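Reader: I should like to learn how a protein fold is read step by step. May we work through one example together?

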Amino acid sequence: MSNYRVVATEDVVAIHQLYGHQSHCIDSGRQQDWAQTFTDNGEFHSPSYPEPVVGFGDLAAFAARFYAAAEAVDEVHRHVLTNLVVEAVDESALAVRGYLQIVATARGGESRLVRMTTVDDRVVRVGEEWKIARRTVSRDDAPRVSEHGRSTEKILAQQYSVGEVHHDRKL
């Protein structure tokens, strides 16, 4: 955190409240309320979904589909956000990073971790409120990408196919 700037305590508390409210909204089928936690042209980018979701209407529809999918398989889904780091970008913008677990529980059954992710958000002040302008999600189970943009798995597969890997070494 070389560019760490102190964020006012009341703003950190407001961010924690925003994220808690957002999780409760999407998990309880309150898609309009969830979408309102974003700016009017807010963006949601995640490798779990084929396209970015942009704007209030599309964000609300996305949240509705998420909730409906859980209901269809008789599960309760919970978004659990932890380890939030809030940094000032300027007087009206924050960078927020946190770990997000999505946990599914079959009604009358066991819970399981669906995915573990990291969220990177740009949060901006809109009037007296903080809202998410852009969320970028990265999945912990995504292949590691090299500096040349190729996944580690593809590099190893290519090395094995041309005999570059030394089989007596542990990788």
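Author: Let us begin with a term: a residue is called buried when its relative accessible area is under 20%, exposed when it is over 50%, and partly exposed in between. Please keep in mind that this is a predicted model.

Reader: Is Asp74 buried, partly exposed or exposed?

Author: Asp74 is found in the loop between α3 and β3. Its relative accessibility is 42%, and partly exposed is the class between 20% and 50%. Asp74 therefore counts as partly exposed.

Reader: What is the phi of Asp74?

Author: Most residues other than glycine have a negative phi. Asp74, just after α3, departs from that pattern by taking a positive phi. Although Asp74 is not a glycine, its phi is positive, at about 60 degrees.

Reader: Which residue of strand β3 has a positive phi although it is not a glycine?

Author: The residue in question is found in strand β3 and has a positive phi of about 50 degrees. At 55% relative accessibility it counts as exposed, since the cut-off for that class is over 50%. The residue is Asn83.

Reader: How far apart are the end C-alpha atoms of helix α3?

Author: Helix α3 covers residues 56–72, which makes 17 residues. The expected span is 1.5 Å times one less than the number of residues, and for α3 this gives 24 Å. The model agrees with that expectation, because the end C-alpha atoms of α3 are 24 Å apart.

Reader: Within what arc do the buried residues of α3 fall, seen down its axis?

Author: The buried residues of α3 are Leu59, Ala60, Phe62, Ala63, Phe66 and Ala70. An α-helix has 3.6 residues a turn, so residues three or four places apart point the same way. In α3 the buried residues line one face of the helix, because they fall within an arc of 160 degrees.

Reader: Which exposed residues does the opposite face of α3 carry, the one turned away from its buried side?

Author: A residue is exposed when its relative accessible area is over 50%. On the face of α3 turned away from the buried side, the exposed residues are Arg65 and Ala72.

Reader: Which strands stand at the edges of the sheet?

Author: Six strands form an open sheet with mixed pairing, in the order β2-β1-β6-β5-β4-β3. A strand at an edge has a single partner, so one of its sides is left without a neighbour in the sheet. The strands at the edges are β2 and β3.

Reader: How many bridges join β3 and β4?

Author: Strand β3 spans residues 75–90 and strand β4 spans residues 93–106. A hairpin joins the two strands through two residues, and Arg78 stands opposite Val103 in β4. The strands pair in the antiparallel sense, and the number of bridges is 13.

Reader: Which residue in the hairpin of β4 and β5 takes a positive phi near 80 degrees?

Author: Strands β4 and β5 run antiparallel and are joined by 13 bridges, with Tyr99 opposite Thr118 in β5. Their hairpin has four residues between the strands. The residue there with a positive phi near 80 degrees is Gly108.

Reader: Which residue of β6 stands opposite Val124?

Author: Strands β5 and β6 run antiparallel and are joined by 10 bridges. Val124 has a residue of β6 opposite it, namely Lys131.

Reader: Is Thr39 buried or exposed?

Author: Thr39 is found in strand β1. Leaving aside residues up to four places away in sequence, it touches Val124, Val126, Lys131, Ile132 and Ala133. Its relative accessibility is 16%, and the cut-off for burial is under 20%. Thr39 therefore counts as buried.

Reader: Which helix supplies the largest share of the lining of the largest cavity?

Author: A search of the whole structure finds one cavity of 30 Å³ or more, and about 190 Å³ of space lies in the largest cavity. Of the 20 residues lining it, the closest to its centre are Phe44, His79, Leu100, Ile102 and Arg135. At least two lining residues come from each of α1, α3, β3, β4, β5 and β6. The largest share, four residues, comes from α1.

How values were computed: Residues numbered from 1 in each chain as written. Predicted model: local features only at pLDDT ≥ 70, side-chain atom pairs only at ≥ 80, totals over all residues. Heavy atoms only, no water. Pairing = 2+ DSSP bridges. Buried < 20%, exposed > 50% of the residue type's maximum accessible area, 1.4 Å probe, protein only. Arc of directions from axis to C-beta. Contact = heavy atoms within 4.5 Å. 1 Å grid on protein atoms, 1.4 Å probe; cavity = no way out; pocket = protein on both sides within 12 Å on 5 of 7 lines; lining within 4 Å. Points joined across faces, edges and corners; volume = space filled by probe spheres on them.
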